Structures are given as structure tokens and as C-alpha cells.
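Okay, thanks for coming, everyone. I've got one structure to walk you through today, so let's put it up on the screen.

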Amino acid sequence: MLRQLLAITALAAVQGALPDIYAVSVGFGPMKKRTISEGFKVNPTTGEWSQISENFVYVGSSAKWDGVNAFDEANGLFYWATGFGSNLVYSINVTSGSLQAPIDLYSAGIITLTFDQYNGELIITDVPQNMQNVSRMTRYSATDVTEATLPSSVVPGRAVVDPAAGHSFINFNPIAKQLQYLAPTGNMQKSVTLKNECAHIDFLFFDKNHDLWATEISIVNGTVKNSITKIDTSTGSCSTPVDFSHNQVLAFTSNVAQGELWYGSVNDTGSYLQSYNPATRASTCITNKAGLPLTDIAVKY
């Protein structure tokens, strides 16, 4: 088992129980060199990383910086895609460490992966091969697969499942700046247009109070700034953004019950696993001495 010791820097105390954290990391290599995709479990108390799988080894470099991933908490299945141009969704069982058979979408590019914990469905939005200006939504469960072509008014961007009754799938349309509530058929049930103060949304998540939060990314005087804001789903207004990181963020994840944001980031000095609680503004930062980028992460309480 490969083990990498991490130094933990506590920026503020985390409230409540600490989660199990899983990560996929890609060791980048130059062309015609070996590049490795590996799965790890991270101990948030000691900072120790334990390898749970060597997913695959291939020749050449990877453009894996998209953070497109989802986690089935009930069955311990961690899903991810290797890049926008990929037509495959990979998954590992975080308990056994076994690599599952990939899902082949015959896709020209996977845009979002979201797991509906309530209905037990993996929801994928992508661009089908050989079809111009068309996007689709595919829902995978243990017993069924449904596929729907999305209307032209729906442009996939970021996605989240509403934990309230009905468990609607919400797509953020980056062109129209809308939250679009989609039925399983792909039809839009309703939309909420966001106000101008909602900038460039990078990730969406709900907390246990049914508040919808969004992370935003901007560049100010050449410096990356990540901030977080609360969205009023009735009016589309956003609260005053609060900065939480100036690193380049590679992947986000969250947990409804705890309402915490976890993310992998890098800067000129290293690679980090970080957390932020928007309710308490408590945060943690785990510094990875080995410098591996966390291209996908999942959290389970």
C-alpha cells in the first residue's frame, strides 16, 4: 500500500464529526511517459493517505483538471470522468478498492456528474457524438437507464439535486444565468434567473437548512479569487460573497447533512485538501507534501 504523509495545518476548528474522504489523483507525465490514475482514502485527523486502487496507467500526459465527479454514499461508489472530451465514466468501490466497469456514453464530452442520493440515480449531462448543438441527460440506477434529449433552452453548466421533497435536478445554465429545474424527461419545470451580483458559478450545493450555496471564481489583478455566496431560489438574488481561497481549485464536493464544502486546490507551493463551512466560516487545510493534485474528491459522514 502506498502511503503518503500529509502535514495538517488547522486554520480553524471543524465542527462536528470528521468525514471519510476519498480522492482520485492523476500523476501527470510528459508525452510518451507513464501517467497514473490512483484512488486514495484520506485521514483528516492524521493526514495519512492510503491507496485504495491503481485505476489505470497510460502513455502520455493528461488534461484531467475538470473535477467532474459524483459519489453514491449508500453503495460507496465514486464516479469520475477523465476530461471534457472523454466518453467514459469510471468508478471505484471505495470499500473494496475495485475498479468497476466503465459507463460508455458514446459521448463527445461529459459535462456534469451528479448523484441523487434520494432516488439512487447517477445523473449525467453530456454532448452526444455526431450531434451538433444537442445535449442530453442520462439517469442510471441499479435497475434502469433513462436518456432524454434536453431542450435547446437548457445549456448544461453546473448541477445539484434539491434535497427537498421531489428531489428536483437543478441545472445552472451559464449562458442564460438561470437555475433550471428539470424533470426526469428533460423538460424544464421552472427556471429562476440569477441577478447580476451572481458572477461566475463554479459549484452548487445545499446545506441541511435547505440553503443553496454557490462558489464563484474570478481573477482580480492577476490573482485567482474563490468566493462563496448564498442564492435565494425564489428571487435569484445572491448574498455578499465571502472569499475562502486564492488557490486554483481543481475539484469540489459537499455533504447536505453537514453543509460543508470540501475541495482540492493547488498553488505555486503545493497541493492541498481544504474545507469551508459557510455557516460558521470554519475552515481546514491539509497540505500534501508529495504535491499530488486532487483532481476529484468525495466525502462521506
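I'll talk about the nonpolar cores, and then about one of the sheets.

One thing before we start: this is a predicted model.

So, cores. In soluble globular proteins, nonpolar side chains tend to be buried together. In our model, the largest nonpolar core has 15 residues. If you want to find it on the screen, look for L179, L194, I201, L204, L212 and I231, which have the most contacts inside that core. Which elements give two or more residues to it? Those are β14, at 169-173, β15, at 178-182, β17, at 201-206, and β18, at 212-220. The largest share comes from β17, with 3 residues.

Let's zoom in on L194. Setting aside its neighbours within four places in sequence, L194 is in contact with F172, K177, L179, I201, I231 and G236. There's also another core, apart from the largest one, and that one has 14 residues, including I110, L113, I124 and Y140.

Now the sheet. We have an open sheet of 4 strands here, and going across you meet β17, then β18, β19 and β20, with antiparallel pairing. Why do β17 and β20 each have a side without a neighbour in the sheet? Well, β17 and β20, the latter at 242-245, stand at the edges and have a single partner strand each, so one side of each is left free of a neighbour there. From one strand to the next, the twist averages 30 degrees.

Last stop, the middle of that order: β18 and β19, residues 223-231, run antiparallel and are joined by 9 bridges. To pick out one of them, I217 has N226 in β19 as its bridge partner.

Methods: Residues are numbered from 1 along each chain as its sequence is written. This is a predicted model: local features need pLDDT of at least 70, side-chain atom pairs count only at pLDDT 80 or more; totals for chains, interfaces and linings use all residues. Side-chain values use heavy atoms; hydrogens and water are left out. A nonpolar core is a set of buried Ala, Val, Leu, Ile, Met, Phe, Trp, Tyr and Cys residues joined through side-chain atoms within 4.5 Å. Buried means under 20% relative accessible area, exposed over 50%, partly exposed in between (1.4 Å probe, protein chains only). Contact means heavy atoms within 4.5 Å. Two strands pair if DSSP finds at least two bridges between them. Axes are lines fitted to C-alpha atoms, for helices over the stretch in contact, and angles run from 0 to 180 degrees between N-to-C directions.
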